[in-house]
Structure formats: C-alpha cells, structure tokens
Amino acid sequence: MDEERARFESVYQETYGLITAYAARRCDSPQDAADVVAETFAVAWRRIHDLPDGEEATLWLYGTARKVLANHYRGEVRRQARSVELDTEMADLYGASPDSRVELSAITHVFRSLSDDDRELLALVAWEGLDRQEIATVLGLSRNAVRIRLHRARRRFARALAEADVRFTSESRLIPAERQL
Amino acid sequence: MKNTDDIDTITRSLARVEPGRPGGQASDAGARTLLASITATEPGPPAAPPRPYRARRLFLGLAVAATLAVGIVVGQGLLRTGVPPSYAVTKDSDGVVYVKLRDFRDAAGLTRQLQELNVPAVVDYVPPGKMCREPRGTHVEDIPPGLYSVPENIPGEEGRGWQMRIDTRLFKPGQTFVWTIGEQTTTTILMTGPIGPCVLEDRPVQKEVKPDYRLATVKGRSLAGLRVDEKTVGEVLPELRKRGLKVTFLIMEIAPGNPGGFGEGPTRTTPVGDDWVVWEAEESIRERGVIRLLVTDKRYDRNPVYGGPRDNVIKE
C-alpha cells in the first residue's frame, strides 16, 4: 500500500507538468482543464496496478487523459471538489492565448473543424512532441496505422487551410522563432 | 499542399502551453492538494481479467430473447461447473449489496441470505435446457438507474461465477428481484406484485443457434484496429465505404436508464441518420464483406454493448 503510494507520488511529480499542459492545450476553459487533470490522476490511482513504470507511464496517462477528455465533452465528468483548487493555477496558463492573434484565430478555426482523431494525432506530434511509436502506444494503434493516419491528417489539415483561404504573409510572422523546437 | 514540417509548425503555433514547457508545477499548492486528496482513498484492486466477449454477447442475445431489456441473462460462457459451492452476499453501510455467486444449486440458501439483507428477491435453480414458464409476474419497465450492475466476472476468478451490485435503497414497495440461476443461464428480472412459482419447462432450442454475426473490430477480424464505438454514423461510414464493405444497421433497443445490454431491433440496409451513434461493429460470419453496425438514434451516457467504455471490457 505505502509502496503503491510512493510509486504514484513519483509518477505524479514526474508527469504533472506534462498532463496539465496536455489538458490546457485541449480544453477551452481552465475549469475543464482542472477537471481533466484531476480525473486523469484519479483514474491512475484507481488503476495503479495497470499504470506502467518509467516513460511508459507518461504515455499511459496521455491515453487516459484523452479518454477522460472525451467523456468530459459528453458531460460525463462531473465537477469534482478537488479540482476546484486547481482552477486558479490552470487559469494562469490561459492568459496569453495564442489564438488571440488574428492569423492564429483563423487557423484555430480550421484546426477545430478537423475530426477529433485528426486533431489529436497532429497535436500529439506538434504539442507533446511524441514520435510515431509513442503515439501508437497512447492511442492503442499500430505504428503503421499511426503513420498512415498522421499522413492523412496532415493532408486534410493542409487542404482545409487552403479551402479556408488562410494565407500567410510570412512564416516568421506566424511562428515566433523561440517557438521552434 | 504544404509540406509536413509546415503543417507541424502551424499546429505547434496553436498550442496554448508552448511545446516543451510544463503546464503546472507539481509543487504548486493546488497540485499538492490534488495529490493528497487522491491518495487519501485506497487505490483500486488489481484489474479483473478481461471478460470474454463471446460470453457477453451471448448474455446480450439471450437477454433479448428472454426478457427484452428488462432483465439480465448471463450466458454459460461465464459460468462453469466444477468449482467449490459457494456464494457471498455482503451489504455496506449505504445499503448497497454485493452478491458473488459461484454455485447455482443452493437457490434457497441464496434467497434466505438476500432476504436477511432486505433484498426482496426470489431465486430458483434452473437446470440446463430448462426455463421457468413465463409470465411469473409483471415486469417493471421503468428500472431506476443504478439499481443493479451488469453481472461481471469475479476479479481473479474468471469464468468461475459472477458478481453484481444491487442498490437496495432503489427498490420500490412491492418490487421483487426474480432470479433464475443455473449452469447455463442466469436471469435477473425486476417484477412488481405477486410472483408465481417457477414451473420448469423446456427452453426453446433456437436460442442456442449459432450467431450470424461476430465482433469485427478485434484482432484477426475484418475491422481489426478500427474503433467505431461511440462515434457517429457519419464518422464511421466513409471509412467502411472506402474499404468497399457492405453496411447494414442493427437498431438497438435500450431499456430505460440504460442498465447495460440492449434489445435487437430491426436490421436495415437503408441508411440511418449521420448523427446516429455507433456502439460497435460486427461482421457477418457467412458472408464476407458485410458489416453490421450496432446503432442508436441518440447518444447514451455509456456504451450499452459493454455497460460502459469498450476499453473496460476489451483489452488488446
């Protein structure tokens, strides 16, 4: 029991920053993000016996957060008292939202028109910086399936951007240099 | 089309929290409070082994045949003989009763135990090939959500019986849980008013017929790796069409409160609405390239096929 608690606490310390970032990048409000974070870790504690060690733990938590998020959108995750305290801290992440800039709000709009699956694939690459094998683990797919789907998702995003007539005067204006990975 | 790097760069620019940066800090007050509140409870027990899907489907199929979504029938796949006779009935302080059943012969003993814990229940043992003559009473159509859980494997004892949870606070006066238990099938049906005795009669043979369809989305089947559960018809159809598959729709009938399981409504080949919800896909056993989608015209709070998320049942 104490061993489980120690293991969970160590995973929590290591992954808290990643999971809060994951949730904040995908939720429209800090309250939603706080709920997703709280529920994701609560699930991990309930299923501590399924929670893998090391790097795999992060991927497992991403996969869990994704399911929590999907349930959240269906209104199945109720507000937990324990996530209320997180709200303020999460709200700090929402101060300078990238889509407050005009060009980006158009792109955001197009991005949101993509299917959940497409968005998640693109985001896991670009936001969480996962490689194909890691994405395969998170989504429970084969590496090859990830490769094919990712290719299609990029194509669809590119096409949707073109259709929406989103133009870029210059890449540098769109993407500040310090954002490059 | 823009090249891959452009697309990824554009996507990166949309991230609310910059890629590579953490969101919150585990040392923040809110983070510490959350950790403390989560670990203040006991963690979950080791996971139960995944339930065999075959058994579950049989249970669902029989539920349709016998009770059309007002009761629960467990197929023989879950229940094997040759184990020590036992059952266990426990009640927690909230009035929730947990029943574990491993033996099906001592119906009288189980009835007595249930009644001692204020579960209004009648239990009869039904040998293989038999059933109680219907009707024995008036079936309750409006089952309160949460009254009982779908029977599940006992953790660590797969295939040796089942357990279920009954919330005794939700019984209304005059209601009785009518169970028949046996090696072959178990039914639990909520009835109201007087309950007739169980008069055994032969179970019609056609209920044991081989199914026409089987799950299509697991390893080795035609849709392996494709997830259709909880998506809309509009999301699923293009992929199936692209693969050149013929698609039919089984319209599921869901009992009030969606207690888990479903009745088989009509199967149609004409399209249903794009906004209908798909809960699972099956493939025809006899005819290659025919897919049957299990659909409802609206979204339910949980997947009726599995009584919850598919991932809780199918792990691969």
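The paragraphs below lead through a predicted model of two chains, A and B, starting with the nonpolar cores, going on to the contact between the chains, and ending with one helix and its neighbouring strands.

A good place to begin is the interior, since, in soluble globular proteins, nonpolar side chains tend to be buried together. The largest nonpolar core in this model has 58 residues, and the residues with the most contacts inside that core are A23(A), A24(A), A33(A), V36(A), V37(A), F41(A) and A65(A). If we look at A33(A) and leave aside residues up to four places away in sequence, we find that A33(A) touches A23(A), A24(A), C27(A) and M90(A). Apart from this core lies another, of 28 residues, which includes A121(B), V126(B), I143(B) and W162(B).

We can turn next to the place where the chains meet, a contact to which chain A gives 60 residues and chain B gives 42 residues. On the side of chain A that touches chain B, the elements that contribute two or more residues are α1 (2–26), α2 (30–46), α5 (86–91), α6 (102–113), α7 (116–126) and α9 (143–163) of chain A. Of these, α1(A) supplies the largest share, with 14 residues. Sorted by character, the residues on this side of chain A divide into 32 nonpolar, ten polar and 18 charged.

In chain B, helix α5 (residues 233–242) shows how one helix can have two unlike faces, for V233(B), V236(B) and L240(B) are buried, whereas G234(B), P238(B), R241(B) and K242(B) are exposed on the face turned away from the buried side. Why do V233(B), V236(B) and L240(B) lie on the same side of α5(B)? They do so because they cover an arc of only 75° around the axis of the helix. The buried residues of α5(B) pack against four strands of chain B, namely β12 (231–232), β13 (246–253), β15 (277–284) and β16 (290–296). After α5(B) comes G244(B), which has a positive phi, near 70°.

The strand β13(B) is worth following further, as it pairs with two other strands of chain B. With β16(B), β13(B) pairs in the parallel sense over six bridges, and here I251(B) has V295(B) in β16(B) as its bridge partner. With β14 (residues 263–268) of chain B, β13(B) pairs in the antiparallel sense over four bridges, and in this case the bridge partner of F249(B) is R268(B) in β14(B).

Technical notes. Residues numbered from 1 in each chain as written. Chains lettered and ligands numbered in written order. Predicted model: local features only at pLDDT ≥ 70, side-chain atom pairs only at ≥ 80, totals over all residues. Core = buried A, V, L, I, M, F, W, Y, C linked by C-beta atoms within 7 Å. Buried ≥ 20, exposed ≤ 12 C-beta atoms within 10 Å, placed from the backbone. Contact = placed C-beta atoms within 7 Å. Nonpolar A, V, L, I, M, F, W, Y, C, P; charged D, E, K, R; others polar. Arc of directions from axis to C-beta. Pairing = 2+ DSSP bridges.
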